Amino acid sequence: MKLQILAALNAERDARRAAIVVTDVASGKQRLVKAVDIAKDPLRAVLGDRLRTGKSGMVETAEGRVFLTVYVPAPQLVITGAVHISQVLAPIGKLLGYDVTIVDPRTAFASDERFPDVKVIAEWPDTALPPLNVDRYTAFVALTHDPKIDDPALSHALSRDCFYIGALGSPQNARAAGRTAQATSLSEATISRIHAPIGLDIGAVSPAEIAVAIMAQITERLREEVDEPAVKARHEVRAVVPNEALAPLPCIRSAKADWCSRRAR
């Protein structure tokens, strides 16, 4: 790889911006395509697909056979609230390959002793979040239940196109949080992206169970981003299954109805 391309690639990676190196197999010639430039590129269809999946590989194109080396930022998990749930959620996130950061201005909670091996920022969200480069590769979780902390944090996440945003509490509380002064320019559709109540509905009660439910929902949403057509097809198949097919198992029918009702909210 030429030094000029390597320097440009490193600059994109340092800024948490995706990029793809296109290598012509026949000639060995390489070029760098930044994510922001993909829409203008002759190979935009295949580049967009590879960027969405994050997978490198060989592709036959109108320009000939090329190898696409895809560079996407490591996913990050940003948590507001150094609470009991966070003490379990943070190590699970790290185990799954996320860069984890916890933000909480309450120094009694946000300490290295409570969160070993995790980046902890004991600052208010307005100060702590901008340097973190929260972006579309970020899962954002608000767990304090304190509007002074969660509301501005959620507003920041909504404005930065995070692939997942979740908050403790009811959908009504989440929408209210999204309508803080910082979010007045955001649409209702944008605000409705907040997952609340947070986590998959698995009947979680303890902090550890809630953490598992949250990470499961984050994973579900991440995979939807990667394989949206397959997920849509799976949901369509689920939707056309007649209720009569579940007649011998009323408990399953009830669980399915509860799940669908919750997803609809």
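Select Asn 133 to start. With a relative accessible area of 31%, Asn 133 is partly exposed, because that category lies between the buried limit of under 20% and the exposed limit of over 50%. The model is a predicted one. Asn 133 sits in the loop between α4 (125–128) and β8 (138–142). Look at its backbone: phi is positive, about 55°, although Asn 133 is not a glycine.

Next, move along to Thr 138, which belongs to strand β8. Is Thr 138 buried or exposed? Its relative accessibility is 0%, so Thr 138 counts as buried. Show the side chains of Thr 138 and Gln 76 together: they make a polar contact of 3.0 Å. Leaving out residues up to four places away in sequence, Thr 138 touches Arg 16, Gln 76, Val 78, Asn 133, Cys 162, Phe 163 and Tyr 164. The starting point of this tour, Asn 133, is therefore among the residues that Thr 138 touches, where touching takes heavy atoms within 4.5 Å.

Now select Arg 136 and Tyr 137. Arg 136 lies over the face of Tyr 137, at 5.5 Å from the ring centre. A search for aromatic pairs elsewhere will find nothing, as the structure holds zero of them.

Helix α5 comes next; select residues 147–159. At 1.5 Å a residue, these 13 residues should span 18 Å, and the end C-alpha atoms are 17 Å apart, which agrees. Which residue caps the N-terminal end of α5? Asp 146 does, with a side-chain oxygen 3.0 Å from the backbone nitrogen of Lys 148. Colour the helix by accessibility and α5 proves mostly covered, with 10 of its 13 residues buried. Among the buried residues of α5 are Ile 149, Pro 152, Leu 154, His 156 and Leu 158. The buried set also includes Asp 150 and Asp 151. Step just past α5 to Asp 161, where phi is positive, about 60°.

Go back along the chain to Asp 117, in the loop between β6 (99–103) and β7. Asp 117 is another residue other than glycine with a positive phi, here near 65°. Its relative accessibility is 68%, so Asp 117 counts as exposed.

From that loop, continue to Val 120 in strand β7 (residues 119–121). Draw a distance from its C-alpha atom to that of Ala 110: the two residues are 10 apart along the chain, and the atoms are separated by 6.3 Å. Which residues does Val 120 contact, leaving aside neighbours within four places in sequence? They are Ile 102, Ala 110, Ser 111, Asp 112 and Phe 115.

For the last local stop, select Ala 196 and Pro 197, which are joined by a cis peptide bond with omega about 0°. Pro 197 is in the loop between α7 (188–191) and α8 (207–226).

Finally, zoom out to the whole protein. Its secondary structure comes to 10 helices and nine strands. Of the 265 residues, 39% count as buried. Among contacts with a separation of 6 or more, 57% are between residues 24 or more positions apart. Switch on the surface to finish: the protein exposes about 14100 Å², and carbon and sulfur atoms supply 56% of that area.

Key:
Residues are numbered from 1 along each chain as its sequence is written. This is a predicted model: local features need pLDDT of at least 70, side-chain atom pairs count only at pLDDT 80 or more; totals for chains, interfaces and linings use all residues. Side-chain values use heavy atoms; hydrogens and water are left out. Helices (H or I, at least four residues) and strands (E, at least two) are DSSP runs, numbered from the N terminus. Buried means under 20% relative accessible area, exposed over 50%, partly exposed in between (1.4 Å probe, protein chains only). Accessible areas come from the Shrake-Rupley method with a 1.4 Å probe; for residues, only the protein chains shown count as cover. The expected span of a helix is 1.5 Å times one less than its number of residues. A polar contact is a pair of N or O atoms within 3.5 Å; within protein, one must be able to donate a hydrogen and the other to accept it, and residues adjacent in sequence count only if both atoms are side-chain atoms. Rings of Phe, Tyr and Trp (its six-membered ring) pair if their centres lie within 6.5 Å; planes under 30 degrees apart count as stacked, over 60 as edge-to-face and the rest as tilted. A charge sits over a ring if NZ of Lys or CZ of Arg is within 6 Å of the ring centre and within 35 degrees of the ring normal.
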